[in-house]
Amino acid sequence: MRNFKRVKPLSWLALCSVLLISSAILFLFVNHTSFASKQSSNVKGVKPVYTFKNFSSDEELSNYPGLHLHTSIEGTDTYSMAINYPFTNISTIDQPIIDWIDQQKDAFLETVEGTSSEKNRFISHLNIQIETNIITKNKYNIILSAYHYVGGANGITYKQSFAIDIDNEEHIELNDIFIDPNSESFKEKLLHAIDNIIENNNEYKDTIDQNLVQDRMQDVENNMWGLTKDSFTIYFDEYEVGPGAIGAVELKIPINHLESYITNEWLETFELAEEIAERKKVEEEAKQQESSESEKDQTNVSDNDDGKYIALTFDDGPHPDVTPRILDTLNEYNAKATFFILGLQAEYYPALAAEVANQGHEVANHTYNHTDLTSLNHDQLINEIVTTNNKIEQATGNKPTLFRPPFGSYNEQVINVAEQNGLSIILWSVDSLDWKNRDLSTIYSTVTANASVGSTVLLHDIHPTTADALPEVLETLSAQGYQFVTVSELLNIQGKSGVGPF
Ligand code: ZN
């Protein structure tokens with residue numbers, strides 16, 4: 001039996017009211033600011049030009065034009081947080097998202113504080129994950145999941161869905177998409193479609209309580225919904241309409257089943273979406289072909305070499321501002337490094353991940369969401385690792401063989417899953433503490449004082465100060481005769497093989 005550890009009732013109530021308030025805020029945020037049309041260089045059938053050296057305007061660098069990814073990671077002795085969220089630099093769009101994130105953080109920290117230190121043998125973890133769905137050009141549906149783990153067998157997940165329209169600088173509401181979404185006839189139509197899905201789903205057929213569904217759907221707008229170019233999805237939380245065993249429920253209604261209720265504007269939108277999907281497919285195929293052609297032999301060190309080698313590693317990226325600066329510096333010092341990439345970052349910035357690989361650096365797996373893996377069950381764990389391998393391979397053409405667990409946190413289960421996926425677990429021997437200090441001279445002195453022959457140095461390519469410090473670090477260590485190789489090359493030199501941890 002699965003044991004769901006719940007947040008204590010009081011905070012849970014607080015969280016619920018907070019969620020209600022946030023929907024209210026969302027509603028208030030619908031404003032109709034002037035239409036700010038953005039030029040796109042994506043012309044049908046033409047591959048976007050990748051201007052790597054010159055992307056202070058990185059609109060086109062993101063796989064999701066107009067959307068950028070923020071990742072922040074922090075921790076203390078009792079908890080860790082890895083927060084991912086998208087942003088647009090348009091405050092009417094960003095603010096409700098940030099507010100929701102803050103509410104999740106506050107609720108989590110309150111729970112951590114409320115946990116008595118006696119019982120506190122574990123490290124609590126909060127992980128905010130993103131699912132990004134393209135509705136059509138410059139319109140996205142973002143599903144944020146906050147995974148709260150405060151001990152026990154499983155954590156608990158709270159979800160929120162945001163549908164955003166970048167061109168109109170607003171959140172999309174149900175009544176933008178559907179004609180009179182509060183009408184009885186729309187509700188009926190929706191319920192009918194939902195019944196159909198449940199009847200045709202073996203798992204849901206006997207478990208979902210249709211009366212509960214009917215109750216929830218009385219106020220359609222209060223339900224969490226999501227949108228893609230071809231479906232409208234209704235979400236229910238764990239336990240909301242059925243037993244805990246079926247988990248959270250997602251009911252995906254084909255958009256054409258609701259056609260008669262779609263506003264004219266959105267009818268056009270959904271048609272346009274098909275064209276865009278077709279174009280993306282063509283671009284994707286061209287990109288895959290290109291990356292397989294440019295695949296290179298990365299090994300430039302022979303076995304049994306007794307030189308002074310160091311493996312520099314950069315985690316949590318690639319980041320559109322920081323990673324290119326780091327690549328430039330590495331190039332200048334003829335240094336090769338290993339980038340432990342987050343699957344989510346590779347999804348957002350595939351061109352950047354490809355550039356890292358194309359410059360001869362090693363691309364490796366650092367999970368999808370930067371979750372503390374010891375807080376996950378087996379399926380969640382496999383998903384974190386396999387999805388990331390796929391994202392990295394799609395972006396770069398290279399299949400990772402190395403894996404670094406976030407926060408260096410792993411257990412027997414993690415070792416097994418890594419092994420099953422052909423991944424060696426790589427830790428580090430020198431922590432630059434760049435994530436903590438964010439200070440050029442401290443990073444410089446920490447690395448240069450501690451690095452020695454065979455060191456694996458932990459750095460992060462999401463902090464500008466790390467890019468600031470790197471030239472001096474490389475200058476000093478090069479002068480001392482060190483050469484910089486990838487982790488796989490270093491393992492090869494050291495004669496290490498197998499799953500590790502190393
Ligand atoms: Zn990390």
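In this predicted model, His-70 stands opposite Tyr-85 in strand E2. This pair belongs to an antiparallel arrangement of strand E1 (residues 68-75) and strand E2 (residues 79-87), which extends over eight bridges. The briefing continues with the E1-E2 hairpin, the zinc site, an open sheet with its packed helix, a helix pair and several local backbone features.

**Strands E1 and E2**

- The connection from E1 to E2 is a hairpin of three residues.
- Strands of a sheet pair through backbone hydrogen bonds, in either the parallel or the antiparallel sense.
- For E1 and E2 the sense is antiparallel, and His-70 with Tyr-85 gives one facing position.

**Zinc site**

- Three protein residues donate to the zinc ion: Asp-316 through OD, His-366 through NE2 and His-370 through NE2, lying 2.1 Å from the ion.
- Along the sequence, the spacing of these donor residues follows the pattern D-x49-H-x3-H.
- Asp-316 and His-370 link distant parts of the chain, being 54 residues apart.
- Asp-316 is placed in the loop between strand E10 (309-315) and helix H8 (322-332), whereas His-370 is placed in the loop between strand E12 (362-365) and helix H11 (378-396).
- Asp-316 counts as buried because its relative accessibility is 3%, which falls under the 20% limit.
- His-370 is likewise buried, with a relative accessible area of 3%.
- The backbone of His-370 has a positive phi of about 65°, although the residue is not a glycine.

**Open sheet E7-E8-E9**

- Three strands form an open sheet in the order E7-E8-E9, and their pairing is antiparallel.
- Strand E7 (224-227) and strand E9 (249-254) are the edge strands, each pairing on one side only.
- From one strand to the next, the twist averages 25°.
- E7 and strand E8 (residues 231-236) run antiparallel and are joined by four bridges.
- Within this pairing, Leu-227 stands opposite Phe-232 in E8, and the bridge partner of Gly-226 in E8 is Thr-233.
- A hairpin of three residues leads from E7 to E8.
- In a regular strand, side chains alternate between the two faces of the sheet.
- Both faces of E7 are covered, with Met-224 and Gly-226 buried on one side and Trp-225 and Leu-227 buried on the other.

**Helix packing on the sheet**

- Helix H4 (residues 184-199) packs on the sheet formed by E7, E8 and E9, where H4 touches E8 and E9.
- The direction of H4 makes about 115° with that of E9.

**Helices H11 and H12**

- H11 and helix H12 (residues 412-420) pack at an angle of about 45°, and their axes are 10 Å apart.
- H11 and H12 are therefore oblique to each other.
- The crossing of these two helices is right-handed.
- On the H11 side, the contact involves His-378, Leu-381, Ile-382 and Ile-385.
- On the H12 side, Gln-413, Val-414 and Val-417 meet those residues.

**Local backbone features**

- The peptide bond from Gly-317 to Pro-318 is cis, with omega near 0°.
- Pro-318 lies in the loop between E10 and H8, and Asp-316 of the zinc site is also placed in the loop between these elements.
- Asn-334 has phi near 50°, a positive value in a residue other than glycine.
- The location of Asn-334 is the loop between H8 and strand E11 (338-341).
- Asn-334 counts as exposed because its relative accessibility is 63%, which is over the 50% limit.

**A pair of residues separated in sequence**

- Asn-358 is found in helix H10 (residues 350-358).
- Asn-358 counts as partly exposed, at 29% relative accessibility.
- Asn-358 and Thr-396 are 38 residues apart in sequence, while their C-alpha atoms are 7.8 Å apart in space.

Note on methods:
Residues are numbered from 1 along each chain as its sequence is written. This is a predicted model: local features need pLDDT of at least 70, side-chain atom pairs count only at pLDDT 80 or more; totals for chains, interfaces and linings use all residues. Side-chain values use heavy atoms; hydrogens and water are left out. Donors are N, O and S atoms within 2.8 Å of the metal (3.2 Å for Na, K and Ca); water is not among the atoms, so sites may look incomplete. Buried means under 20% relative accessible area, exposed over 50%, partly exposed in between (1.4 Å probe, protein chains only). Two strands pair if DSSP finds at least two bridges between them. Axes are lines fitted to C-alpha atoms, for helices over the stretch in contact, and angles run from 0 to 180 degrees between N-to-C directions. Contact means heavy atoms within 4.5 Å. Angles under 35 degrees count as roughly parallel, over 145 as roughly antiparallel, 65 to 115 as roughly perpendicular and the rest as oblique. A crossing is left-handed if the near helix is turned anticlockwise from the far one by less than a right angle, and right-handed if clockwise.
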